[in-house]
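Grab a pencil and open the model in your viewer. Here are a few short exercises, each with its solution worked through.

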Amino acid sequence: MTTSTLAAERVTLGYDSHLVFTDLNVSIAEGSVTTLIGANGCGKSTLLKAFGRLLPPSAGAVRLCGEPIRELSARAVARQLAILPQRPLTPAATTVRDLVMRGRHPHQSLLRPWSREDAALVDQAIEATGMTELADRDVNELSGGQLQRAWIALVLAQNTPVILLDEPTTFLDLSHQLEVLRLVRAINARQGSTIVMVLHDLSLAARYSDRLIVLHQGRVFADGEPWEVITPEVLATAFGLEALVIPDPASGRPLVVPLEPAESSERPSAVRSQTQVQQAS
Amino acid sequence: MSGRQGVDLGFIALPWRARLLLVTLACVAVVVTAFTFGIAAGSSRIGVGDVWTTLLGAGSRAFEFIVFELRLPRASAGLAVGLCLGMAGALTQTFSRNPLATPDILGVTAGASAGAVSAIVIGGGGYSVGASLLGVGIPVVATIGGLLAAALVYGLSWRQGVDSFRLILIGIGVTAILGGLTSFLLVRAQLTQVSAATQWLVGSLSGVSWASVWPMLVVLAVVTPIALSQSAPLEINQLGDEFSTGLGVAVQRHRLAVIVAAVVLTSAAVSAAGPVEFVAFVAPQVARRLARSSRPPLLASALVGAALVMVADVAARVAFGTEIPVGVVTALIGAPYLIWLITRKNREEHL
């Protein structure tokens, strides 16, 4: 078993008086791509924020490489862990390169807010995200997909072993969602980064993650490789979703096919028998 | 505006920002020119060349008296007030992510005004409390009032940290209360006191002496390095508080440093010259548009503020026949700019 880079130990998390998790334990293995899934309001983003020390737990501790993250300075954490929040604010009159340059902040000092290394890493991050052509464009002129890639480039420029992404594919069309997730896999493959993200699309989560964690009613409901986690039983309980799980013909990973409520449809039964045939073969 | 090139001198390395450098140098040139004309202009005219020979210690006795005793304190006060307000405005607008937010929303201006007016009105009334208020001097009372009000706004905004939007709303509330208090004092005051108080409330450089210039210079010397040290975190914070934390900014500590810097700068300027209108609002917006940057550049904003106050003061002394308070002129320049900015912004949003 690989060491855990990031661990929540007996954490209690919540907002004001409303508790989301009590006594929760989750640890993340080094070099893996882990995705937190669950129904709306299950606390996926809450847990991700706790991992990224944006939301301090009221009890328990989050550890980064064994150290309590609370006791590390903001800057020291930022050299180890990058987090892309759900809705970052886009600054006015800023080029893509200027935006990505901000990712270098934790590595810079007061009198050296720039270095050749910074410039080189920014260029690399821009290239890795396919933004080279757009590097001098104002970020306010970018499309949703391009802007999302610019944000990921910023996080890449931060050059950290751990990367947290909160719903990186929201508001993107399918081809841009795929583009972002392929990029995530590429970063993981190239740099061995540990990546934790929150996604809504279960099939895409299954397709691009090593491990899925299903959160439901304040606890970890299911945890493991995609085929262990994405089962009709888990979907029914954690998502209130009646669905078939079939192998994705393209990736072999689980593919979720939602069913129509029993009384109103004829089709699902036909599909079911077909799938059973496929799974049997 | 690309971060691709930089200048590396070993102990210091900066990204090469040609436009910002040019704009800053141009602002320095304008400020030096305005400063020179500020000394040259007046009832006894002095040539521009004479101003500098005198400043450099080679002028005649008469010129020395006029320059050092009469004109230099006022020109320096204009310079310092403008620098303070310009930089305070840039800090406030950037941390609050709101171009309409001036240091006034931190409560400091309203607090200083309430303090000064109480000193003038109650002090003039002959009560012993009032007399002692006036005894310590209007600038001191104004400073205390401003700092207390700012501390109140910050304290009331605190809820597991200060959120800039909540701070603005509470600042507006506290400003309104203090404004009411000031009006109440004015309504109850004697006519002569009202006249003195109003003169103060408009903002004027007419009574300034070296005694009111030094505190501002000291404040500028201390606060400018603190403000500049917050320049990079200010830029990061444009991405939101969560992203800032993610990028290693200790958000609450940074915000406190910025607010204290803005409050102290504003307080110094307001105590010396009264609330000179619109400088803190207009100067950063002009500087940002000139530099075409994502936020108002701190030094350029301070310099534009200085240029604005000094030009307005020369105009206030020369252009209208009789002298009028500088605050009136900055408002006359600032208000149309505000309107132009808002209408232009609307148009951009509709595009």
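The exercises below look at two backbone oddities and one chain contact.

Before you start: this is a predicted model, where local features need pLDDT of at least 70, side-chain atom pairs count only at pLDDT 80 or more, and totals for chains, interfaces and linings use all residues. Residues are numbered from 1 along each chain as its sequence is written, while chains are lettered from A and ligands numbered from 1 in the order in which they are written.

**Exercise 1.** Work out where A93(A) lies and whether A93(A) is buried, exposed or partly exposed.

Step 1: Check phi: A93(A) isn't a glycine, yet its phi is positive, about 45°.
Step 2: Find the loop, which runs between β6 (81-84) and α3 (96-101) of chain A. Helices (H or I, at least four residues) and strands (E, at least two) are DSSP runs, numbered from the N terminus.
Step 3: A93(A) has 16 C-beta neighbours inside 10 Å, so it counts as partly exposed. The cut-offs: buried means 20 or more other C-beta atoms within 10 Å, exposed means 12 or fewer, partly exposed is in between, with C-beta atoms placed from the backbone.

**Exercise 2.** Do the same for N159(A).

Step 1: N159(A), also no glycine, has a positive phi of about 55°.
Step 2: Its loop sits between α5 (144-157) and β7 (162-166) of chain A.
Step 3: N159(A) is partly exposed because 19 other C-beta atoms lie within 10 Å.

**Exercise 3.** How many residues does each chain give to the contact?

Step 1: Chain A gives 33 residues and chain B gives 29, where contact means C-beta atoms, placed from the backbone, within 7 Å.
Step 2: On the side of chain A that touches chain B, α2(A) gives the most, with four residues.

Conventions:
Contact = placed C-beta atoms within 7 Å.
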